[in-house]
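Me: I would like a close look at the interior of this protein, with the cavity first. Please give one connected account that a first-year student can follow.

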Amino acid sequence: MPTPALPDDRLLDDLLEVALDAARQAGALLRDGRPADLGVAGTKSSPVDVVTEMDLASEKLVLQLITERRPEDGYLGEEGAERAGTSGVRWVVDPLDGTVNYLYGLPSWAVSVAAELDGRAVVGVVYAPARGELFHAVLGRGARLDGRPLSTRPAPPWGQALIGTGFNYVQSVRTRQAEVLVSLMPEVRDIRRGGAAAVDLCDVAAGRLDGYYERGLAPWDRAAGCLIAAEAGALVGGRPGHGPDGELTVAAAPGVYQPLQERLAALRAWAD
C-alpha cells in the first residue's frame, strides 16, 4: 500500500500554531489557577476515576480557542465535548492528562492536543507545565522537546529494558493488569508507572523509557503522544497486526518493541 502524501505545509503550520497556543494557555490555567482546596467535581468509569473543576475549565478554554481559530474543524475531548466538522480536521484533546497526579500535587500531568486529518494524527503537542516541558511533533518533521530534536534511546538487551505502563480505574481490569505486570517485571530492568499516558509516551520519545504499554487508553490519551513517540523513532502499535487502540497501546525503541509486543501477546495483556 502506498504511503499517503503529507498534508500541505501551510495547513500543518497552522494546526501546529493552534495546538501550541491551546496547550500553553490551558497549561498556564492549570498551573496558575489551581485552587488550594481543589476537590473532585465528579467521577467517570469508577469512584477513583476522578474529574476536577480544572479539567472542565481547561477543556472549555481549549474548545473555545479552537472554535475561534478553526470553526469548521471537528473536536473530541475527554470531558464530553464532541462535535462533527466539515474540514477533514478533528482535534483530539485531553485537557488534563494525569488528573489524580494533579489532584495530589504530583508533577506528572499534562495537556494533550492532537490534530487529525482524515483520521490520521498529523500534529501533536503535550505540555507538562509542572515539569517545564513542551513536546511537539508534526507528521514527517520529527519530534521536539522545547525546540530540541528528540530520538529514542538505543535499544538495550531485553533484560535491561526500562518499561513504563499504567493502570485502568476499573477494578477487574486493574486486577488483570497486575497479573500481567507480575509476569513481565522479572524479565526486564524495571517497570515505571507515571500516571499520565501522554507524558509516558513522550518519555519514550525522549529516551527516558525504553518502552511503554497500556491497556484501555482512549483516543485523547494516546493521539498526541503516539505521534510524538513515532516521530522520535519509536515503533508504535497495539496487539500484533493492529495499531494502537483501546485494547492495547505499545510504543518502544526499535529492538525493544518486538520482544515487548510478543510478551504482551503471550500474556494476552488486552484480555480479562
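Reply: The account below begins with the enclosed space and then turns to a loop residue, an aromatic pair and the cysteines.

The model is predicted. In general, rolling a probe the size of a water molecule over the atoms shows where empty space is left. Here the search yields one cavity of 30 Å³ or more. The volume of the largest cavity is about 60 Å³. Its lining is made up of Thr165, Gly166, Phe167, Gln177, Val180, Tyr213, Glu214, Arg215, Leu248 and Ala269. Two elements, α4 (171-184) and β13 (211-214), each give two or more residues to this lining. By character, the lining residues comprise five nonpolar, three polar and two charged.

The next topic is a residue in a loop. Thr152 is found between β10 (148-149) and β11 (162-165), in the loop that lies between these strands. Is Thr152 buried or exposed? Its relative accessible area is 15%, and a residue counts as buried under 20%, so Thr152 is buried. Setting aside residues up to four places away in sequence, Thr152 touches Val204, Ala205 and Gly207, then Ala232, Gly233 and Ala234, and also Ala253 and Pro254.

Aromatic rings come next. A pair of aromatic rings is described by the distance of the centres and the angle of the planes. The structure contains one aromatic pair. In this pair, the ring centres of Tyr102 and Trp109 are 4.9 Å apart and the planes stand at 75°. Planes over 60 degrees apart count as edge-to-face, and the pair of Tyr102 and Trp109 is therefore edge-to-face. Both partners are buried: Tyr102 has a relative accessible area of 2%, while Trp109 has a relative accessibility of 5%.

The last topic is the cysteines. A disulfide is a covalent bond between the sulfur atoms of two cysteines. How many disulfides does a search of the whole structure find? The search finds zero. Why does Cys202 not form one? The closest cysteine sulfur to that of Cys202 belongs to Cys226 and is 9.9 Å away, which is too far for a bond; the cut-off for a disulfide is 2.5 Å. Cys226 is likewise in no disulfide, and the nearest cysteine sulfur to Cys226 is that of Cys202. Cys202 is buried, with a relative accessibility of 0%, and Cys226 also counts as buried, at 9%.

Definitions and conventions:
Residues are numbered from 1 along each chain as its sequence is written. This is a predicted model: local features need pLDDT of at least 70, side-chain atom pairs count only at pLDDT 80 or more; totals for chains, interfaces and linings use all residues. Side-chain values use heavy atoms; hydrogens and water are left out. Buried means under 20% relative accessible area, exposed over 50%, partly exposed in between (1.4 Å probe, protein chains only). Helices (H or I, at least four residues) and strands (E, at least two) are DSSP runs, numbered from the N terminus. Contact means heavy atoms within 4.5 Å. On a 1 Å grid over the protein atoms alone, a cavity is a set of points where a 1.4 Å probe fits but cannot get out, and a pocket is an open set with protein on both sides within 12 Å along at least five of seven lines; lining residues have an atom within 4 Å of a point. Grid points are joined across faces, edges and corners, and a volume is the space filled by probe spheres set on the points. Ala, Val, Leu, Ile, Met, Phe, Trp, Tyr, Cys and Pro count as nonpolar, Asp, Glu, Lys and Arg as charged, and the others, Gly among them, as polar. Rings of Phe, Tyr and Trp (its six-membered ring) pair if their centres lie within 6.5 Å; planes under 30 degrees apart count as stacked, over 60 as edge-to-face and the rest as tilted.
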